[in-house]
Every structure is written in structure tokens, then in C-alpha cells.
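Here are my notes on this one, written as I went through it. Have the viewer open while you read.

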Amino acid sequence: MSASEPLALLTAKGISKSFGGVHALADVGFTINHGEIYGLIGPNGAGKTSLFNVLTGIYSADAGEFTFDGLPLAGLKPNEVAARGIARTFQNIRLFANLSALENVMIGRHVRTHANVIGAILRDAKTRAEERAIEKRAHELLEYVGVAKRANTLAKHLAYGDQRRLEIARALATEPKLLALDEPAAGMNATETASLKGLLGDIRRDGTTILLIEHDMKLVMSVCDRVLVLDYGRKIAEGTTAEVQRDPKVIAAYLGGDIALDLKGAA
Amino acid sequence: MQTFFDTKKHPLGAWLGVALVAVALVVLPFALAGIGTAWVRITNLAILFVLLALGLNIVVGFAGLLDLGYIAFYAVGAYVYALLASPHFDLHLPFWIILPIGAATACLFGVLLGAPTLKLRGDYLAIVTLGFGEIIRIFLNNLSQPVNLTNGPQGITLIDPFRLGSFDFAKRETIAGLDFTGPIKYYYLLVLLVIVIIAINLRLQNSRIGRAWEAIREDEVAARAMGINTRNMKLLAFAMGASFGGISGGIFSATQGFISPESFVLVESVMVLSMVVLGGMGNVFGVILGALLLSFVPEVLRYTVEPVQRALFGRMLIEPEVIRMLLFGLALVLMMLYRPAGILPSALRKRELEGK
């Protein structure tokens, strides 16, 4: 991965998905490079979450394919996608509500651990060692995202911001190469968003690539390297944050065509 | 209570507690035999229900899959034992061979039920499992033609008791001056088995597998997104629960000496599920308590309702069976009002209720 030619971690080609007559995604293609924070923005209903669901195997694409880390993702189930190294969070937080924060993260370790029924029943030295490692790693991750003090609190009793962070910790527990975050700053106040920005920086620094859906433009523009803009399921722009901000199509999508024209006239 | 079972904080107290329970369990059958051998039999049946409830607890309590046909696995285990150890086919295999076969067969049926229902949840799963339970019973009732496999509604009689060499579990003998009746021997075997199965339950619960089940129960979509193979984990839950049911069924066959499809009706499934729910879904000790309560209370009623009514009114006004169902309904209503998570809720649900 040299600076001049970054290696692609995820490539999407011609991804399409329809629900009845609604084209949620139409011929969407993009490339995410190793070590990037890649933003995915667009007005409500643009197809951002649909793209996440197709990527993580919850829906299957009607056409097109993803290549992740050199191999196609086609036909994989969500758990297989997770095993391949893509972890996600959900727009409407989907924690294991009645389990503690610690247990939530421990469950994230499932895909990277091996104890089977026999091991669980006999509790041999290997299984016990693995259990200890799972718990240790879960504590570390809670510390990492800043929820360590609430390790034994039920997920549903955590403050909203902490729930978002816990979801990130749980996703990180699966040792992803690509962390896909669906509106992590939704409902956060300015202070929480600022510290989330710090966390995203830390995650990138520690070697995990991030795909970020977000409505908070200040956050997107300050943290992302490149941004993909969707509108009505189509890609309308892709590029650095500066490029995208200047793009008339993007302005039109967000503000409505007329206003964009007015702005142009005024300028 | 805590002092007696917390091995970390009170090691001495814990061992004292274990010793007390052990002594009580050893002495119990002789104390009961003093009242009447019937009570030892009732206790054995109660322990069988504890085994069944613990098996169902894996499916319902741990993995959150509502199974209304659980008694079918009990039936499968019972019939496997009966067919392989009775004059029906003139096969008389030893129990330690048949019980694993019964467990494996029940396990297979568990997977057979599990596989087509993987995508179903809640009410829908409950309906399919209910149907499955009925299908098994109807098959048992009708598989007497064209080849007489199950002997239909007449059931199978003269089923062998457990024998280990010359040691016959059904025979009365005097060992070390103590009178060991058949039921007392079975009692000790059942207690051993129940201890093993409690240990398996507790260990599964606090393991990678148990956590995966909890995750599925909480949110299946999130569980899959976290890399849990929900298909395999659900099948595993069905298979494990079914195996426990199969083993219990085998023992039921041997202790009763006679089985027929009558023993495996829907009400039995409902009873076992009620034990799990009443005691506290997901909490092993709650489930045990539920099973013991629902097994013993009806028996106590059977022996007390009549004399009490005769003493009060001079004749019997209400049948014990009616009172039993009345109290059962009342208990369930009261439980839903005051202890919705069961008498002994699982740690998880307790934390939830306390709002910590």
C-alpha cells in the first residue's frame, strides 16, 4: 500500500437493487481504499442503508458485485460477510438490549473464537483460556470506545451516545477490516459528536478502514477522505470532500434544483 | 442461601451447603418410603420432569425458540427404548446402549423439526412445533399397520427395566441392611443424571455457545451481522433439547414398564413449557423449581383434597383434577401479574426488573 497507489479494499460494480417498482440502488459503483474513512451521504431515501444491507448480505443484489479484499462477496450470508471482515452498526441501534455491555462485546468475539459444545461442557484448559481471552478483549474494547465504566450495565439502560459507542465496540470485536457505520452520530449532541470524531480517527489510525453513512455534514466533511453521494439510488458524485461540496448536482440534491440555480445566479 | 452456594466468597459455607444438599438427597428416598413407596415413584417422575424441563429450557429459555411439541422427543426416546427392550420385537438390548440410541434418534428428530422452521419465529414457530408434536403422536397411534411397529393405541408392555450385569433396577433387595426397592434404585440413578444435566446446562449457558443463543434470542438480525451462524446455532439448540428429551423418555419407558401414545399428548408439552415459564425461563434453578412444583402439587392435592372435603362437607364436592386445573390457572395468572419473569427469574431478567 504505497502512498501513490492505494490498494482497493472494497470495490463495488454496478450494484442494483429494486423493491417492487422502487429502484433503491441503480448501477452504483465505487472503490474504498485501505485505511480510508469513506463517507456515504445523500438525502433521506437515497439508498444508503440499502447499500449497507446489500453489502453485508442482508439483501442480495439484483445485479452487480462487490469485491472485498480481493475476493467476491456474492451470495454470502451476513454471518459469512462478518467472518470475511466486514462489521456494521445499525441506524436504529440493534444491541442485545437485555445483555450487559460486556456481554454484547463478548458476543462480537464469537466469529473469531472456536469453542464448541464439547469444549463448553467439558470446559477444558483451551476453552477456559479462550473464555478469559474473550473477556479480556471485550474489556479492552469497552475501554477503547469509552464505555468501560458501564461494562455491567444492560445495553438498554445505557445513555444513547454510549449505546452507539457500544455498537462500535461490538463491531470491532469481530476484528473487521472494514467497519461500516450507519449514522453513528444520529441523536448525539455536539460534545458527543466531537468525541465520536476522535474515536473514528483512532480506529482508522489503528488500521481499520471505515465506511460512514452520516447526515451530520460537519462531521462528514471534517473526518472523511472521500465521499460518495447517492440520490434516488444513483451515484451522483464521488470525490474528496472539497470536490463534492462544490458539485452542483450535490447541492441540487440537498437543496432542491431551483435553489441551486438561484445560488448560481446569485454567484 | 447465597452463603451456602457461593464458592468464591464463602468456601466453607459453600461446601457445607453442598454437603447438606447431598445428605438430604441421599436420605430422601428412605424418608419418602416411610410414607409410602408411591411417593418415591412420584419423586422419580418429578425428577424426570426436571430433566425434560431442563432440556426444553435450552430451546425456549436459552435460544428463545418457542417449542410447543417438545413432548414428541420424549415420546421418541420412550418408544426407542420400548422397541429395543421388550418382547414386542423380542429385542432386549442393555439400557446403556439404548439410551444413547434414543438420545441420538431424538436429536435427529430435533434437527428434522428445526431445519424447516429456521425462518419462523414466535407464534409461527409455536404452531409448527405444536403440529409436529401431534404428528409424532398420531404416527405412534397408527404405525401398527401394515407392519406392527408401535402396536398402536394398545402401547407396548413388559418393557425391560434397567439391568447392569446381575444388578436389576426393578428388583427389591437389601444392601447393607437397607431395603432398596426398585423406585429407590431408580431414584439414585435419576439424581446422578439430573446433576450431570444441570452441570451441562450451567456450563452451556456461560459459554461461547450460550452467548450465541442469547444473541439470537435478543436480536437475530444483529446476531447474524456479528458473524453468528444462526442456522447452526438454532439447530444445535433443537438437537440438544431433543436429546435430553430422548434420554428422559428412555428412562420413563423403563420405570413405567408400559407406554402408549396416551402419555405423549399436547397437554404434556404444555405442562413442561409451564414448568419452564413458571420457574423462570433461562434460569436453571428456576426451571428445576418449576418442574418440582408442578409435579408435586397435583400429587399432594390428590391425597389431600378428598379427605379435607369429606371432613368439611361430609362428601366430595369438587374432584381433585378440577381443583388442580383451577389452581394451575390461578397460579399462571398470579405469576403473570406479580412475577412475569418466573418464580426465580434468570439473572438477566432479574437485572432487568430491578432496573439496574
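1. Start with helix α3(A) and what surrounds it. Its buried residues pack against α5 (125-145) and α6 (160-172) of chain A, together with α8 (208-218) of chain B. Eight of the eight residues of α3(A) are buried, so the helix is largely enclosed by the rest of the structure. If you want to click through them, the buried residues are A:Ala101, A:Leu102, A:Glu103, A:Asn104, A:Val105, A:Met106, A:Ile107 and A:Gly108. Note that a glutamate and an asparagine, A:Glu103 and A:Asn104, are on that list.

2. Now the contact between the chains. How many residues does each chain put into it? Chain A gives 27 residues and chain B gives 25 residues. On the chain A side, α2 (78-84), α3 (101-108) and α4 (117-122) each supply at least two residues. By class, the side of chain A that touches chain B has 15 nonpolar residues, seven polar ones and five charged ones.

3. A word on confidence, as this is a predicted model. Its scores are ipTM 0.89 and pTM 0.89. For chain B the mean pLDDT is 88, with 94% of the residues at 70 or more. Where does chain B have its lowest and highest element means? The lowest belongs to helix α1 (residues 2-5) of chain B, at 53, and the highest to helix α4 (residues 71-84) of chain B, at 95.

4. Next, strand β3 (residues 37-41) of chain A. Five of its five residues are buried, and both faces are covered. On one side you have A:Ile37, A:Gly39 and A:Ile41, and on the other A:Tyr38 and A:Leu40. β3(A) runs parallel to strand β8 (residues 209-213) of chain A, joined by four bridges, and A:Tyr38 stands opposite A:Leu211 there. Strand β9 (residues 226-231) of chain A is also parallel to β3(A), again through four bridges, with A:Ile41 standing opposite A:Val229.

5. Follow β8(A) from there. Five of its five residues are buried. A:Thr209, A:Leu211 and A:Ile213 are on one face, A:Ile210 and A:Leu212 on the other, and both faces are covered. β8(A) also pairs with strand β7 (residues 178-182) of chain A, in the parallel sense over five bridges. The bridge partner of A:Leu179 in β8(A) is A:Ile210. From β7(A) the chain crosses through helix α7 (residues 190-205) of chain A to β8(A), a β-α-β crossover that is right-handed.

6. Chain A has an antiparallel sheet to look at as well. In what order do the strands of this open sheet run? The four strands go β2-β1-β4-β5 (chain A), with antiparallel pairing. The edges are β2 (22-33) and β5 (71-72) of chain A, each of which pairs on one side only. Between strand β1 (residues 8-19) of chain A and β2(A) there are eight bridges, in the antiparallel sense. For a handy marker, find A:Ala12, which stands opposite A:Phe30 in β2(A).

7. Then the nonpolar core. The largest one holds 167 residues, and those touching the most other members are A:Ala169, B:Ala53, B:Ala72, B:Ala75, B:Ala237, B:Val272 and B:Val276. Both chains appear in that group. Which helix gives this core its largest share? That is helix α3 (residues 37-62) of chain B, with 14 residues. Take B:Ala237 as one case: leaving out residues up to four places away in sequence, it touches B:Ile58, B:Val59, B:Phe62, B:Ala63, B:Leu65 and B:Trp213.

8. One last residue, A:Thr127, sits in helix α5 of chain A. Is A:Thr127 buried or exposed? It has 21 other C-beta atoms within 10 Å, and the cut-off for buried is 20 or more, so A:Thr127 counts as buried. Its contacts, not counting residues up to four places away in sequence, are A:Ala115, A:Gly119 and A:Ala120. For a sense of distance, the C-alpha atoms of A:Thr127 and A:Leu228 are separated by 44 Å, and the two residues are 101 residues apart along the chain.

Definitions and conventions. Residues numbered from 1 in each chain as written. Chains lettered and ligands numbered in written order. Predicted model: local features only at pLDDT ≥ 70, side-chain atom pairs only at ≥ 80, totals over all residues. Contact = placed C-beta atoms within 7 Å. Nonpolar A, V, L, I, M, F, W, Y, C, P; charged D, E, K, R; others polar. pLDDT = per-residue confidence, 0-100. Buried ≥ 20, exposed ≤ 12 C-beta atoms within 10 Å, placed from the backbone. Pairing = 2+ DSSP bridges. Right-handed = clockwise from strand over helix to strand, strands pointing away. Core = buried A, V, L, I, M, F, W, Y, C linked by C-beta atoms within 7 Å.
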